[in-house]
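Work through the exercises below with the structure in view. Try each task before reading its solution.

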Amino acid sequence: MKDESCSDRVPVDDDDLAEEYNVDYDKVRPNRFAPGVSEGSLVVILDPDIARVFKTQAEVKSALRGLIAEMERPGDQGA
């Protein structure tokens, strides 16, 4: 990215938005990822180094549940 001073930037015209847009709903496609996401779920993108270790969502869930179980164990917390 090249260095630009503030004076070199082109001013943004905030008035270029239309009052209303017409959407052709016949051409709209459903989100292909939405059916697999349950209410209250969280979708996370794994960094490549982590994704090389965990190949399936079941492996990720198992590891996280094991970590949660360790965190919740009473009496194992350091002083």
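**Exercise 1. Find how much area the protein chain exposes, and what share carbon and sulfur atoms supply.**

Step 1. This is a predicted model. Its protein chain exposes about 8600 Å².
Step 2. Carbon and sulfur atoms supply 54% of that area.
Step 3. Now look for buried residues. They make up 0% of the 79 residues in the chain.
Step 4. Add the secondary structure: the chain has two helices and zero strands.

**Exercise 2. Decide whether Val44 is buried or exposed, and name the surface patch residues.**

Step 1. Locate Val44. It sits in the segment before α1, the helix spanning 48–51.
Step 2. Take its relative accessible area, which is 53%.
Step 3. Exposed means over 50%. Val44 is therefore exposed, at 53%.
Step 4. Name the patch. Leu42, Val44, Leu46 and Ile50 make a nonpolar surface patch of about 370 Å².

**Exercise 3. Describe the largest pocket: its space, its central residues and the classes in its lining.**

Step 1. Rolling a probe the size of a water molecule over the atoms shows where empty space is left.
Step 2. The largest pocket holds about 530 Å³ of space. It is lined by 16 residues, and those closest to its centre are Leu42, Val43, Val44, Gln57 and Lys61.
Step 3. Sort the lining by class: nine residues are nonpolar, five polar and two charged.

**Exercise 4. Find how many salt bridges the whole structure has, and which residues pair.**

Step 1. Side chains of opposite charge can pair when their charged atoms come close.
Step 2. Searching the whole structure gives one salt bridge.
Step 3. Arg73 pairs with Glu70; their closest N and O atoms are 3.2 Å apart. The cut-off is 4 Å.
Step 4. Check the exposure of both partners. Arg73 is partly exposed at 41%, and Glu70 is partly exposed at 46%.

Notes: Residues numbered from 1 in each chain as written. Predicted model: local features only at pLDDT ≥ 70, side-chain atom pairs only at ≥ 80, totals over all residues. Heavy atoms only, no water. Patch = residues over 30% accessible without salt bridge, like charges linked within 9 Å, V, L, I, M, F, W, Y side chains within 5 Å. Areas by Shrake-Rupley, 256 points an atom, 1.4 Å probe, with all protein chains shown as cover. Salt bridge = Lys/Arg side-chain N within 4 Å of Asp/Glu carboxyl O. Helix = DSSP H or I, 4+ residues; strand = E, 2+ residues; numbered from the N terminus. Buried < 20%, exposed > 50% of the residue type's maximum accessible area, 1.4 Å probe, protein only. 1 Å grid on protein atoms, 1.4 Å probe; cavity = no way out; pocket = protein on both sides within 12 Å on 5 of 7 lines; lining within 4 Å. Points joined across faces, edges and corners; volume = space filled by probe spheres on them. Nonpolar A, V, L, I, M, F, W, Y, C, P; charged D, E, K, R; others polar.
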